[in-house]
Amino acid sequence: MTTDGPLASLDGITCDLGHGPVLRDVTFDIEPGTFTGIVGPSGSGKTTLLKTLLTTIRPVSGRLVRRPGLRIAYVPQVETIDWTFPVTVAEVLHMARAGRHLRPWPSEAERREVASLLERLGLDGLGGRHIRALSGGQQQRVFLARALLGRPDLLLLDEPTSGVDVRTRHDLLHLLGDLHSGGQAIVLTTHDLNGVATHLPRLVCLNTEVTAIGPPAEVLTPAVLERTYGAPLDVLIHAGLPFVVDIPLGSTDHFHAGHAHLPTNEGLPTNEGQPTGPATGATR
Amino acid sequence: MIDLLLEPFEYAFLRNALVVCTVGGMLCGLLGVFVVLRGLSYLGHGLSHAIFGGAALSAALGISYFIGAGIWGLATGLAIGRVTRKRPIGSDAAIGVLTTAGFAFGIVLLGLSTKVGRSIEATVFGSVLGVTGADTWMVVGATVVTVAVVVGWYRPLLFTTFDPEVAEASGVPTARYDALLMLLLCGAVLTTMRVMGVTLIAAALVVPAVVARMLTDSFGRMLVLSTVIGGATGLVGMYLSYHLDVASGAAIVLLQFAVFVVVFVATGIRDAVRRRPVATAST
């Protein structure tokens, strides 16, 4: 694979799944080693965008250019997984090499690699367990491990923190941060603006069209959020990070169309190129 | 006891039937895992009915049953996939439309031609009479090919069964594996249908896999268990058929149902015991 230029370029991508455009004129690049979050309301085209990158959905217009030989791995939403399927953790991981290692049993080298990865992800000793018999965080990490075993150039995750508790979200975000520090390019979708999106280096705000692209501090503004979500939202700054708050219906006592600073945040670090720790207990 | 076991071996057609039932049971058990886990339990039922039309046409035209019915079955299976993908029709509805049309076509031929009627009757109800050495070689050949494919392409078959969308995104050509499984399924139905019967073969495809599923949470172990259960019930069912003088397909399916009931009850008790809270001693 060549190493120059973006991993993937979307240029004016429009997708229509039969009921009108799901994505319209989407243009942005994914550079090597970057960590991008895609945010937007339900039905805004986030999953469609990931599937366009995977080429399982073909755009009706526009151009997707992927680096020749690009390896993409995909971690699906946990809600789409059939948890009743008879499959153990080890069997899930062996799917990673489905296209290259055809024989059912793993080679010694693969066995070592799987054991090492399971240990790294805190899953050692769970290889023989059925996937349903794991905690939510362990389940998410199993599918992340399957993706990583494919040694991807680009890792795509669809709502990786959906339905998990704060601690699991915290651990997963740190794990992804470590992978990103090691040079892994990551794109994830999320509904969680304060727990996930605000800690990422770069966001793409999407509502069929791209409404903004940039660091959270630049794009998580009341104006962009209103264009993206179609509802008035306020933004507070805490520890240098923007946090989005709902404006209660009928309320007149809210922060008006701009960033409001909480007084205790001055001097705290901000995210620059790396995901920061999640906002556990950051706002009161 | 030994006499009871060896008695059927005195007749060539019964020897052949024992091989077809045992090996065919293993074949159906193995493929049944994919049928059940892909939610295609109705497909085995439908495919046998569709192939009935092809079998009737082969008999009417005087061509080989395996060639005529095989082409018919494969075409029907691929058409089901195409109709399901191209239109907003569920696979169960597409199976219902296309396979019953094939069965109806066979019935029409059955009424029009006495030549067809003689060879088709055994196909509908299943019979061990007239099972030839060629039939045994066909089922053994289909089983060897199927086992080789399942072992050789185990991982992509598992991936496309568990998570077809991610498999496709990971570069696994899912449509090709779907077609490959359809081809193997047609082979299994064709080679075992005359002994099992059109109306009963679906159970031979589904029941061993369902029983195996209740016994394990591992895909690999389920494949092995389902194959063993299919082969064992095929063999024992065939003996029961001979000694009780009942139809071979019915004997095998009833035996499989009995195994299902036993395992269902036993695993239910096991699960209830596991869920029972441990009593704590109070002082």
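Let's start with a single residue: Arg213(B) sits in helix 11 of chain B, the stretch covering residues 201-215. Keep in mind that this is a predicted model. Is Arg213(B) buried or exposed? With 22 other C-beta atoms within 10 Å, Arg213(B) counts as buried, because the cut-off for that label is 20 or more. If you set aside residues up to four places away in sequence, Arg213(B) touches Pro86(A), Val36(B) and Met222(B), and Pro86(A) belongs to the other chain. A little further along chain B comes Leu223(B), ten residues from Arg213(B), with 9.2 Å between the two C-alpha atoms.

Now step back and take in chain B. It has 13 helices and zero strands, so reading from the N terminus you meet one α after another. Its C-alpha trace spans about 85 × 55 × 30 Å along the principal axes. For 283 residues, a compact globule would have a radius of gyration near 19 Å, and the 20 Å of chain B agrees with that. Buried residues make up 51% of chain B. Looking at contacts in chain B between residues at least 6 apart in sequence, you'll find that 74% join residues at least 24 apart.

Chain A is built another way. Here you'll find seven helices and twelve strands, and 42% of the 284 residues are buried. Among contacts in chain A with a separation of 6 or more, residues 24 or more positions apart account for 70%.

Where do strands of chain A come together? Six of them form an open sheet with mixed pairing, in the order 5-6-7-3-8-9. At the edges are strand 5 (72-75) and strand 9 (209-214), each of which pairs on one side only. From one strand to the next, the twist averages 15°. Inside the sheet, strand 3 (residues 35-39) and strand 7 (residues 185-190) of chain A run parallel and are joined by five bridges. To spot this pair, look for Phe35(A), which stands opposite Ile186(A) in strand 7.

Next, find helix 1 of chain A, residues 46-54. Helix 1 lies across strands 3, 5, 6, 7 and 8 of chain A, and runs at about 150° to strand 6 (154-158). Eight of the nine residues of helix 1 are buried, so this helix is largely enclosed by the rest of the structure. Among the buried ones are Leu49(A), Leu50(A), Leu53(A) and Leu54(A), along with Lys46(A) and Lys51(A). Just after the helix, Thr55(A) takes a positive phi of about 70°.

Two of those leucines turn up again around Tyr74(A). Leaving aside neighbours within four places in sequence, Tyr74(A) is in contact with Leu50(A), Leu54(A), Ala147(A) and Leu156(A), plus Val166(B) and Ala169(B) from chain B. Tyr74(A) is also one of the residues with the most contacts inside the largest nonpolar core, as are Leu156(A), Leu31(B), Ile51(B) and Ala204(B). That core has 151 residues, and helix 2 (residues 12-37) of chain B gives the largest share, 17 residues. In soluble globular proteins, nonpolar side chains tend to be buried together.

Finally, look at where the chains meet. The contact takes 25 residues from chain B and 19 residues from chain A. On the side of chain B, helices 7, 8, 9 and 12 each give two or more residues, and helix 8 gives the most, with six. By class, this side has 14 nonpolar, six polar and five charged residues.

Technical notes. Residues are numbered from 1 along each chain as its sequence is written. Chains are lettered from A and ligands numbered from 1 in the order in which they are written. This is a predicted model: local features need pLDDT of at least 70, side-chain atom pairs count only at pLDDT 80 or more; totals for chains, interfaces and linings use all residues. Two strands pair if DSSP finds at least two bridges between them. Helices (H or I, at least four residues) and strands (E, at least two) are DSSP runs, numbered from the N terminus. Axes are lines fitted to C-alpha atoms, for helices over the stretch in contact, and angles run from 0 to 180 degrees between N-to-C directions. Two residues are in contact if their C-beta atoms, placed from the backbone, lie within 7 Å. A residue is buried if 20 or more other C-beta atoms lie within 10 Å of its own, exposed if 12 or fewer, and partly exposed in between; C-beta atoms are placed from the backbone. A nonpolar core is a set of buried Ala, Val, Leu, Ile, Met, Phe, Trp, Tyr and Cys residues joined through C-beta atoms within 7 Å. Ala, Val, Leu, Ile, Met, Phe, Trp, Tyr, Cys and Pro count as nonpolar, Asp, Glu, Lys and Arg as charged, and the others, Gly among them, as polar. The radius of gyration is taken over C-alpha atoms; the globule rule is 2.2 Å times the number of residues to the power 0.38.
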